[in-house]
Amino acid sequence: MFWTAELLLLLLLGLSGSLRAQLPPPPTVVINLDQEPELRWLALKKVFDVDYLSKAAAEIIEAIVPKWVHHAAIPVVKSLEKYMPQPYAGEIRGLASVLGGNLSDAIILNFAYEFTAFCTSVVAQDKNGNVFHGRNLDYPHPVQNMTVNLIFQKNGKMVYYASFAGYVGLWTGMSPNKFTVSGNQRGTEHWWNWWKNVVAFLFHRSPVSWLVREVNLEEAEDFLDAVMRLSKTPLITGVYYIVGGVRAGEGVVITRDRKGPADIWPLEPLNGGWYRVGDDFDHWLPPPAKDHRRETANKALKSYGQDHISMDQLYQVLSLYPVCNKITVYTTVMSAASPGNYTTVIRPEDCHD
């Protein structure tokens, strides 16, 4: 039987959808923001083995920061605490006790996470004006067992995130009935650029993942407010913020420099721009020749068409190789207008197999 490329693609999409229910969700941890910052992350002990967390955190630091830099940096890193605003300073002190390590390692772990999140994000709108948002988070070290669903509670309100144990920042989140956000690394970083993030922090610029948390939890009232804050707040490094709203046309990819926006790429459904794919490279430039994530996602979305896009179909697009690849840690699909459908699943290593 002769198979066209389009038929093969649709077959693969259907197979990936049938596997969704078989993949495990990460454990869920409730973080009570009405508690003192030092106490909030003690909840991790309810679902994680402390010895495992400590060992895993040490392995991540060792893999990202060379040993000689790690040892030389300890005195400097300790002094960073006085520059940290609350609640982050208190929360990282609390995490240090949970991880069974020292404060400097807890700080290094959080800054190391800031520049190693390779990702694919998609925001799309169907014919009825429903906006869907999906993301794969890729990480060059195996952290599946540290992935966690977080429910932040404050004054009786809840906000949902996917993150890593030991990390106060957030790359993926949803503010119910308001907006969704994911962050993608911009370009290729190296370990020596870790210090650029620290220096920028000393000049009162926000870590990119802290801004995601602040916008979701405390500040932004709606999609437009979130886009403005994510576009203008000074950051320690460049990043892509992908944002979805609750109304037709509310979707955008924000390309950030440290000082402000380099580009704003919104949905334009009336002109055929009903979806946007964001990876780790500027959308107006071709990605590296060996990176086919953007090409694969674009082809799959076009094969579905706007008439058939949904959260399930978006998940299937994110399941295709190489969009889903050997370093993909988790996949999240969400829609701010339907917060009950928020879903995160942990991907097995080599998730395309």
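Pro-322 lies in the loop between helix H11 (311-318) and strand E12 (328-334). In this predicted model, a cis peptide bond with omega of about 5° joins Tyr-321 and Pro-322. The points below cover a further cis bond, an open sheet, the helix that lies across part of that sheet, and the surroundings of Ile-61.

**Backbone features in loops**
- Gln-86 and Pro-87 are also joined by a cis peptide bond, with omega of about 10°. Pro-87 belongs to the loop between helix H4 (67-80) and helix H5 (88-99).
- Asn-155, in the loop between strand E4 (147-154) and E5, has a positive phi near 55° although it is not a glycine. Its relative accessible area is 60%, which is over the 50% cut-off, so Asn-155 is exposed.
- Asn-177 sits in the loop between E6 and E7, and its phi is likewise positive, near 65°, in a residue other than glycine. Asn-177 counts as exposed at 52% relative accessibility.

**The open sheet**
- Eight strands form an open sheet with mixed pairing, in the order E1-E4-E5-E6-E7-E8-E9-E10.
- Strand E1 (28-32) and strand E10 (261-266) each have a single partner strand, so each edge strand has one side without a neighbour in the sheet. From one strand to the next, the twist averages 20°.
- Strand E5 (residues 157-164) and strand E6 (residues 172-175) run antiparallel and are joined by 3 bridges. Within E6, Met-174 is the bridge partner of Tyr-160.

**Helix H9 on the sheet**
- Helix H9 (residues 223-232) lies across strand E7 (179-185), strand E8 (239-244), strand E9 (251-256) and E10, at about 10° to E9.
- The N-terminal end of H9 is capped by Asp-222, with a side-chain oxygen 3.4 Å from the backbone nitrogen of Leu-224.
- Phe-223, Asp-225, Ala-226, Val-227, Leu-230 and Ser-231 are the buried residues of H9. These residues pack against helix H8 (208-219) as well as E7, E8, E9 and E10.

**Ile-61 and helix H6**
- Ile-61 is part of helix H3 (residues 50-64). With a relative accessible area of 3%, under the 20% cut-off, Ile-61 is therefore buried.
- Beyond its neighbours within four places in sequence, Ile-61 is in contact with His-70, Asp-105, Ile-108 and Leu-109. The C-alpha atoms of Ile-61 and Asp-105 are separated by 7.8 Å, although the two residues are 44 residues apart along the chain.
- Helix H6 (residues 103-113) is mostly covered, with 9 of its 11 residues buried. Among them are Ile-108 and Leu-109, together with Phe-111 and Tyr-113.

Note on methods
Residues are numbered from 1 along each chain as its sequence is written. This is a predicted model: local features need pLDDT of at least 70, side-chain atom pairs count only at pLDDT 80 or more; totals for chains, interfaces and linings use all residues. Side-chain values use heavy atoms; hydrogens and water are left out. Buried means under 20% relative accessible area, exposed over 50%, partly exposed in between (1.4 Å probe, protein chains only). Helices (H or I, at least four residues) and strands (E, at least two) are DSSP runs, numbered from the N terminus. Two strands pair if DSSP finds at least two bridges between them. Axes are lines fitted to C-alpha atoms, for helices over the stretch in contact, and angles run from 0 to 180 degrees between N-to-C directions. Contact means heavy atoms within 4.5 Å. A polar contact is a pair of N or O atoms within 3.5 Å; within protein, one must be able to donate a hydrogen and the other to accept it, and residues adjacent in sequence count only if both atoms are side-chain atoms.
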